[in-house]
Amino acid sequence: MDTPLARELSENNQRLANVKALRLPKPNRTRIFTISNQKGGVGKTTTAVNLAAALASKGLQVLVIDLDPQGNASTALNIEHRSGTKSIYDVLLNNVTIEEVLQVSSEAPGLTCVPATIDLAGAELELVSVVARETRLKMALETYINTSMTPPDYVFIDCPPSLGLLTVNAFAAANEVLIPIQCEYYALEGLSQLLRNIQLIQKHLNPNLQLSTILLTMFDNRTKLAGQVADDVRDHFPEQTLKTVIPRSVRVAEAPSFQQPVITYDKTSPGTIAYLEAAVELANKGA
């Protein structure tokens, strides 16, 4: 039966088969991404955990650092993060090593996570008086990568949606910035401020930082607006914007409540296929 739904299913199955057949290159050094956007609700955490799970499902070693006091990335990767659990808070404030707080995620082989606990909520204030307060994460991460028997191929740092000391630590530690942009009105609002912040970090703390990747999220192909926003972003950032767009999807939204990324929650959903394709693009772009 040739109906639009049947055609879409057939096309999705073909895309899934194509992406599953691909092998991804191992980067020659660890790629460290800060996933940032000062606007909340644009799919930062969803993007962090699903790209991480997608790359890990392809046999790469991936570390997610949850730097958001809400701990949503930890939840989505089924990682213990009750108050009192050793977490990124201890790394930043108690000189604990990343190796000591690292947990293995059950969601994909090779996927690990440094959890965030509610203790992190006070870290912004506590960091103010600490020596080298902007580079605590950078130093801890460098030590971990240089001493680990199996250093990660990718690190994704999930930031809170504000520019405080936690986000500054993430920017100082990373070499690439990935910005998820929601395909909705006001999408580009706040982006110029974020770009200014990146320039300030480049100038004062981390000259190696670059905006390497923009991912369009929550794309609804039934609306004209989504297409216009996507075109707008591509006009402004032709080099950085991935061809893959992440569709608005019930499955993507549901997955975290089951403590899973959509990649493992529904292996054939359009959201899963899109995140796998985005991960392939990301890996090949930096190869």
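How much area does the protein chain expose, and what share of it do carbon and sulfur atoms supply? The exposed area is about 13,400 Å², of which carbon and sulfur atoms supply 52%, with accessible areas taken from the Shrake-Rupley method with a 1.4 Å probe and, for residues, only the protein chains shown counting as cover. This is a predicted model, in which local features need pLDDT of at least 70 and side-chain atom pairs count only at pLDDT 80 or more, while totals for chains, interfaces and linings use all residues. Residues are numbered from 1 along each chain as its sequence is written, and side-chain values use heavy atoms, with hydrogens and water left out.

Along its principal axes the C-alpha trace spans about 65 × 40 × 35 Å. Buried residues, meaning those under 20% relative accessible area, make up 53% of the 287 residues.

Two serines show local detail. Serine 87 sits in the loop between helix H3 (72–76) and helix H4 (88–93), where helices are DSSP runs of H or I with at least four residues and strands are runs of E with at least two, numbered from the N terminus. Serine 87 has a relative accessible area of 0% and is therefore buried. Threonine 117 is 30 residues from serine 87 in sequence, yet their C-alpha atoms are 6.4 Å apart, and a polar contact of 3.3 Å joins the two side chains; such a contact is a pair of N or O atoms within 3.5 Å, one able to donate a hydrogen and the other to accept it, and residues adjacent in sequence count only if both atoms are side-chain atoms.

Serine 249 lies in the loop between strand S8 (241–247) and helix H11 (250–254), and counts as buried because its relative accessibility is 19%.

Methods: Buried < 20%, exposed > 50% of the residue type's maximum accessible area, 1.4 Å probe, protein only.
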